[in-house]
Amino acid sequence: MATFTNFLAKQTPYLTPITKSINPQSSTIINHLPISPNPKQTLILKQETTLFSRRSPFLPKAAAAATGGAVEKKNRDERVQKVHSIEEFDEALRKAKNRLVVVEYAARDSENSSNIYPFMVDLSRNCSDVDFLLVMGDESEETRKLFAREKIEQVPHFSFYKSMEKIHEEEGIGPDQLVGDVLYYGDSHSAVVQLHSREDVEKLIGEHKSDGKLIVLDVGLKHCGPCVKVYPTVIKLSRSMEDTVVFARMNGDENESCMQFLGDMEVVEVPTFLFIRDGKICGRYVGSGKGELIGEILRYQGVRVTY
C-alpha cells in the first residue's frame, strides 16, 4: 500500500549507465529520479533470453545478417518505431495525440536493454492502442542530445507520455512490471469503467442502483506501485465477472474533483477498493493482494468466504 505522502525514491537494481557497460551483479547504481513510491522487483532473466537478442537492434548489423534474421526482425518489431533525433521524437508524440506512448531509452552495449526489448516488442503487437518508441542513446550525437534533454542517466529507462506530457517513468523493471504499467496507463478498451470526477462516480452508481450489480471502485494514484501491480487482476476480474460485477477505476490525483472525492470517502491509503450496491457503499478493501481482493468481492456478492 502507499499513502499520499509515501513518495520515497525507489531502488534501482540492474541498471546500466549510458556511458559504459557494467556488470549489473557487481556494481552499485544510484537512482537520481524519485519516480515511484515502491522499490521494484529485481529483474533476473534466464539464459534463454539470448534467443531474442539475435533479432534485436542491439547486435551489430553483421551479426544480424549472419543469422539471416533481418526480415524476421522487421516483422517482429515493426510496431516499435526507432527514433533517431529530437525532431523525430517530438513528431511521434504529436502524432500520438492522447494515445499512450511508451518509450524505451536503451544502449547497444547494455545487456539489460537487449533483454527487456523483446517483451516490449510483444506488447507492441498485442496493444494496438499504444505507440512504442525506441531510442538508442549511444547511436549518434542526435540521440545523445535527446537523452540529455529528457535527463536519462541509466538504461533501460521507460517513460510514458500522453498528449506530449510525461505521465510516468520507470527504471530497472522486469517484464511483469512493464506489462502492468502499460495496462495501467494505457487501458482504454477493457471492461473497467474509467472515472474522472465525482460526477462520473454518481452517474455510474445511478445507472446500477436498481440492477443488483456490485460496483467495485478501484481508487489509486498515478504513480502508485501497488496500484499498478494489482490492476491486471482487476482487468481479468472485470471480464470474468461482467455479468454480476461492474469494475471502475479512479486516479485520485488526476484532478481536484477526484481528490475531493477521496477526501469525502476518507481514503488515506491506496489502492482502496470501494464496494457499492444499491447506491450505497457497503464496504472497502485496502491493499493489493490478489487473493484477498477476490475474496472480498465474493463476500460482498454473498458467497461465504473463510480465511
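**Figure 1. The long-range contacts of Thr272 in this predicted model.** Setting aside neighbours within four places in sequence, the residues in contact with Thr272 are Leu217, Asp218, Val219, Val267, Arg284, Tyr285 and Val286. Keep Thr272 in the centre of your window, and you can pick out each of these partners in turn.

**Figure 2. Thr272 in its strand, with its polar contact to Glu269.** Thr272 belongs to strand S13, which covers residues 272-277. Its side chain reaches the backbone oxygen of Glu269 at 2.5 Å. Is Thr272 buried or exposed? With a relative accessible area of 2%, Thr272 is buried, because that value falls under the 20% cut-off.

**Figure 3. The hairpin of S7 and S8.** Here strand S7 (residues 157-162) and strand S8 run antiparallel, joined by six bridges. One pair to look for is Ser159 and its bridge partner in S8, Glu169. Two residues lie between the strands, and Ser163 in the turn has a positive phi of about 55°.

**Figure 4. Strand S8 and its cover.** How many of the seven residues of S8 (residues 165-171) are buried? Five of them are, and the strand is mostly covered.

**Figure 5. The whole chain, as a backdrop to the close-ups.** The secondary structure comes to eleven helices and 14 strands. The chain has 307 residues, and 50% of them count as buried. Among contacts with a separation of 6 or more, 73% are between residues 24 or more positions apart. The chain exposes about 15300 Å², of which carbon and sulfur atoms supply 51%.

Technical notes:
Residues are numbered from 1 along each chain as its sequence is written. This is a predicted model: local features need pLDDT of at least 70, side-chain atom pairs count only at pLDDT 80 or more; totals for chains, interfaces and linings use all residues. Side-chain values use heavy atoms; hydrogens and water are left out. Helices (H or I, at least four residues) and strands (E, at least two) are DSSP runs, numbered from the N terminus. Buried means under 20% relative accessible area, exposed over 50%, partly exposed in between (1.4 Å probe, protein chains only). A polar contact is a pair of N or O atoms within 3.5 Å; within protein, one must be able to donate a hydrogen and the other to accept it, and residues adjacent in sequence count only if both atoms are side-chain atoms. Contact means heavy atoms within 4.5 Å. Two strands pair if DSSP finds at least two bridges between them. Accessible areas come from the Shrake-Rupley method with a 1.4 Å probe; for residues, only the protein chains shown count as cover.
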